[in-house]
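Work through the exercises below with the model open. Each task is followed by a solution in steps.

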Amino acid sequence: MTRTQFRHLAGHLLTPLLMCLGMAFAYLGAFHQPTPNHLELAVVGDSPQAMVLAQTMKDRGGAGLDVVTVPDKAAAIDKLHERELIGAYIPDATRPELLVATAGSDTTAMAAELAFRQVSDHQGVPLVVTDVTAKADGDPSGQGLFFLLVALSVGAYGSVAVIGAAGATLRMRVRAAVGVVTALVVSLIGVVVAAGVFDVIDHGYAAVFGFAWLYTSGIILIGIGLHTFLKRWTTLALITLFVMLNFTTSGGVYGPQLQNGFFGALHSFWNGAGFVEGLRNLLYFDGGAGYGARLLGLFGWLAVGVALVLIAGRHEARVAPRPVAPAAVEEEIGESVAV
C-alpha cells in the first residue's frame, strides 16, 4: 500500500470512527443512568395527611421530584390529560391508587409507579395502577411512534447522500424538488408499514402522514443545503443532528423528566421530539398539551432547510460545481451508514 492509498483509506475510516465516538457519547450520555429530574407528581386530596405526604416526598426527592397536591381525582385526570403530571397518587388505607398516562411515556410512568410504590409498600398494601389513556392495539408500550421516527430518519438522511452525490450536476431547485418528493415517498412507506402492517397507528392517518412528510422534508432539505458545503462529511453532520442528538432527545425511550438538563433542554425544540410528542398529543391527548407548538417547531426546521437550500443555490450559481467522478459518487453514497 502506498502512502497516498493509506491516507485515502484513513480519511474514509475517519467518518465511521467519529460516528462511533459520537454514538457512544450521545446514547450512553442520554440513556445509561435514567434519574428523575423534576418528575411532576401529585397527591390527590386536600387533607393534612395528603399535604404532609406530598411535602415529605418532595423533601426526600429533592430536585428529582416536583410533588404537589390536587383536590380530587377528576382534577388529577385533567392534569394528566394536559400532560402537566406524570402520576397522581390517591391515598387509601386499603387500596391506594396511582393514575398515570402511559401514552405520554411508558418509562416515565414506571418511574412514577416506583416512587409511589414505596409509599404503599410502607403501608403494607398493594398499589393499584390505572392508565387514563388508550393506545393502539399494536403499540402497548407507546413507543411505536419512536420507532417510526427511526425509520423515517434513516430513510431521509440516507436519501440525502444519493441526491447530493448522484445529483450533483442538477440545479439546486431540481434537487430540492426531488428531495421533497423523496420525503413524500419515505413518509408513505413509514406510515403504511406502521399503520397497515403493525397497527401502531389506528386513527388520524392523514395527520400522521402530514407530520411525517413535514419532518422528513426538513431533514432532506437541510441535508441538500449542507451538502453543497460539506460534501462527503454531510452524512456525519446529519447523523449528528438527526440521530445522535435526535433519537436521544425525542422522548421515545426516556422523557426529559428522566434525563439530564442538556438532553432535556434539546427535547423542548428538537425536530424528533416535535414529531413524537406532537403525534402523541394529537393521537392520545385530543390535540392538546402543546400540539400546536410542536407543529410550529417542525415548520421551523423546514424553514431552516429552505433557507439552507436557497443559500447553497446562490453559492453554486457563483461557483459552478465541477463534475463529480462516478467513483467519488459511489464512495460518498457508501458512507451513508444506517443505525
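**Exercise 1: a helix pair**

In this predicted model, helix α5 crosses α10 with right-handed sense. Task: classify the packing of α5 against α10 by angle, and list the residues in contact.

Solution.
- Step 1. Helix α5 spans residues 144-166 and helix α10 residues 271-284; the axes lie 10 Å apart at an angle of about 140°.
- Step 2. Roughly antiparallel requires over 145 degrees, so α5 is oblique to α10.
- Step 3. From α5, the contact takes in Leu 145, Phe 146, Leu 148, Leu 149 and Leu 152. From α10 come Gly 272, Phe 275, Val 276, Leu 279, Arg 280, Leu 283 and Tyr 284.
- Step 4. Sorted by class, this contact of α5 with α10 holds 10 nonpolar, 1 polar and 1 charged residues.

**Exercise 2: a second pair**

Task: classify the packing of α7 against α11 in the same way.

Solution.
- Step 1. The axes of α7 (residues 205-230) and α11 (residues 291-318) come within 8 Å and cross at roughly 25°.
- Step 2. Angles under 35 degrees count as roughly parallel, so α7 is roughly parallel to α11.
- Step 3. The crossing of α7 and α11 is left-handed, and their contact has 19 nonpolar, 6 polar and 1 charged residues.

**Exercise 3: the cores**

Task: find the residues with the most contacts inside the largest nonpolar core.

Solution.
- Step 1. This core has 66 residues, and Ile 201 and Phe 275 have the most contacts inside it.
- Step 2. Helix α7 gives the most to this core, with 11 residues.
- Step 3. A second, separate core of 25 residues includes Ala 30, Leu 53, Met 57 and Leu 258.
- Step 4. Beyond four places in sequence, the contacts of Phe 275 include Leu 145, Phe 211, Tyr 215 and Leu 298.

Key. Residues are numbered from 1 along each chain as its sequence is written. This is a predicted model: local features need pLDDT of at least 70, side-chain atom pairs count only at pLDDT 80 or more; totals for chains, interfaces and linings use all residues. Side-chain values use heavy atoms; hydrogens and water are left out. Axes are lines fitted to C-alpha atoms, for helices over the stretch in contact, and angles run from 0 to 180 degrees between N-to-C directions. Helices (H or I, at least four residues) and strands (E, at least two) are DSSP runs, numbered from the N terminus. Angles under 35 degrees count as roughly parallel, over 145 as roughly antiparallel, 65 to 115 as roughly perpendicular and the rest as oblique. A crossing is left-handed if the near helix is turned anticlockwise from the far one by less than a right angle, and right-handed if clockwise. Ala, Val, Leu, Ile, Met, Phe, Trp, Tyr, Cys and Pro count as nonpolar, Asp, Glu, Lys and Arg as charged, and the others, Gly among them, as polar. A nonpolar core is a set of buried Ala, Val, Leu, Ile, Met, Phe, Trp, Tyr and Cys residues joined through side-chain atoms within 4.5 Å. Buried means under 20% relative accessible area, exposed over 50%, partly exposed in between (1.4 Å probe, protein chains only). Contact means heavy atoms within 4.5 Å.
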